[in-house]
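Open the model in your viewer and keep the selection tool at hand. The stops below go from confidence to sheets, helices and charged pairs.

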Amino acid sequence: METIVSLADNIDTATFYGVNNQNILCLKNQHPDVRIVARGYQIKVSGSETAVNKFTANLKAVENFCAQHNTLNEEQILQILHGEHPHAAEHDNLILHGVNGKPILARSLNQKKLVTEYDNNDLLFAIGPAGSGKTYTAIALAVRALKNREVKRIILSRPAVEAGEKLGFLPGDMKEKIDPYLQPLYDALQDMIPGAKLNEYMEKGTIQIAPLAFMRGRTLSDAVVILDEAQNTTSSQLKMFLTRLGINGKMIVTGDLTQIDLPASQHSGLKDAIDRLADIKGISIVEFNQKDIVRHPLVKHIVDAYK
């Protein structure tokens, strides 16, 4: 008997196969009665029907563990094959497991509230000071939804507004000028998705990172869409963004009303949107504060000093 097993597209193959294919070799050594040829997301298995079926069942169990915990080693494989549950630390308030199994947690009261509100609303505003985990938690929710196949895409956006610097003086073409504004979004993703898988997602457009201006004219369905630094949008820009929401879409808008970098003649669209939309069912506003700050302890004092 010969069959081809396809790995799920949310699997990072480098993690699954292991360094020098040590994981798949371990799995094969525990099933000496089958022959396998593994390439990318496809594994060809041949042998007797009984042996192939046993291998396939165990392969899927290992695959499920890898997809859930974002890590895999030989010890864990052997535990799974012996009907045990590999040790993986369980945490309260776990959102997902990041790179190398790192637990990504909702660490503060309002981070936990954002996680809860996400399940019950399609549009969320997360407002609060620097370092309170607004963007990081929002991206974790988006990655979890993608891994669980609740959506097909993640779209992350920021307005390209200078924080005291001039965009025109930066070197390079437009992409190179804009990329520094988007770097915080890349940083969060690199914590949660292994490098090779993240590159694959971005090449295929499964994860898209773009400045706000690139959102015009689009309908964003089957996606989690995050707008970061929304305090630097005008009312017309934010209205344009919010009306991109499509079927089976979710939006999370984050911002800090104390860090507006717009010219003095322009008013932030974020405060206007909160006032207009606060009482609409399906929209939730989560207000973060200094108690939610999870960066260096000094950041709380710095935020207080600049109030």
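Each stop below gives a selection and what is there.

**Stop 1: colour by confidence**

This is a predicted model, so start with pLDDT. The protein chain averages 88. Of its residues, 92% score at least 70.

Select residues 123-127. This is strand β6, which has the highest mean pLDDT among the elements of the chain, at 97. Now select residues 297-305. Helix α11 sits there, with the lowest mean, 77.

Next, select residues 162-167. Here pLDDT stays under 50. For this stretch the model has six contacts beyond four places in sequence.

**Stop 2: the three-stranded sheet**

Select 2-6, 34-39 and 42-47. The first two ranges are β1 and β2, and the third is β3. Together they make an open sheet in the order β1-β3-β2, with antiparallel pairing. β1 and β2 stand at the edges; each has a single partner strand, so one side of each lacks a neighbour in the sheet. Neighbouring strands are turned by 20 degrees against each other on average, direction ignored.

Zoom in on β2 and β3. Six bridges join these antiparallel strands. Which residue of β3 is the bridge partner of Val 37? Pick Lys 44 to see it.

**Stop 3: helix α3**

Add residues 49-69. This is helix α3, which packs on the sheet and touches β1, β2 and β3. The direction of α3 makes about 5 degrees with that of β1.

Run a distance from the first C-alpha of α3 to the last. The 21 residues reach 30 Å, close to the 30 Å expected at 1.5 Å a residue.

Show the side chains. The buried residues of α3 include Val 52, Phe 55, Leu 59, Val 62 and Phe 65. Polar names appear on that list too, among them Asn 58, Glu 63 and His 69.

Now pick Lys 60 and Glu 63. Their side chains meet in a salt bridge, 2.9 Å from N to O. Both lie in α3, three residues apart, about one turn of the helix. Is each end of this pair buried or exposed? Lys 60 counts as partly exposed, at 30% relative accessibility. Glu 63 is buried, at 4%.

Step past the end of α3 to Asn 70. Its phi is positive, near 60 degrees.

**Stop 4: the six-stranded sheet**

Which order do the strands of the six-stranded sheet follow? Read them across as β8-β7-β9-β10-β6-β11, with parallel pairing in an open sheet. Select 207-211 and 283-287 to find the edges. These are β8 and β11; each has a single partner strand, so one side of each is left without a neighbour in the sheet. The twist averages 15 degrees from one strand to the next.

Look at β7 beside β8. Five bridges join the two strands, which run parallel. Pick Arg 158 and then its bridge partner in β8, Pro 211.

Two helices lie across strands of this sheet. Select 134-147 for α6. This helix lies across β6, β7, β8, β9 and β10, and runs at about 165 degrees to β10. Select 269-277 for α10. That helix lies across β6, β10 and β11, at about 130 degrees to β6.

**Stop 5: the loop after β7**

Go to Ala 160, in the loop between β7 (153-158) and α7 (174-192). Ala 160 is partly exposed, at 30% relative accessibility. Draw a line from its C-alpha to that of Leu 146. The two are 14 residues apart in sequence and 26 Å apart in space.

**Stop 6: more charged pairs**

The model holds eleven salt bridges. Select Arg 158 again, with Asp 228 and Glu 229. These three are linked in a network of salt bridges.

Finish at helix α8, residues 195-204. Pick Glu 200. Its side chain meets that of Lys 197 in a salt bridge of 3.2 Å, N to O. The two are three residues apart, about one helical turn.

Glu 200 also forms a salt bridge with Lys 204, whose closest N and O atoms are 3.3 Å apart. Here the spacing is four residues, again about one turn of the helix.

Now colour these by accessibility. Lys 197 and Glu 200 are both buried, with Glu 200 at 19% relative accessibility. The cut-off for buried is under 20%. Lys 204 counts as exposed, at 62%.

Note on methods: Residues are numbered from 1 along each chain as its sequence is written. This is a predicted model: local features need pLDDT of at least 70, side-chain atom pairs count only at pLDDT 80 or more; totals for chains, interfaces and linings use all residues. Side-chain values use heavy atoms; hydrogens and water are left out. Two strands pair if DSSP finds at least two bridges between them. Axes are lines fitted to C-alpha atoms, for helices over the stretch in contact, and angles run from 0 to 180 degrees between N-to-C directions. Contact means heavy atoms within 4.5 Å. A salt bridge is a side-chain nitrogen of Lys or Arg within 4 Å of a carboxyl oxygen of Asp or Glu. Buried means under 20% relative accessible area, exposed over 50%, partly exposed in between (1.4 Å probe, protein chains only). The expected span of a helix is 1.5 Å times one less than its number of residues. pLDDT is the predictor's confidence in each residue, from 0 to 100.
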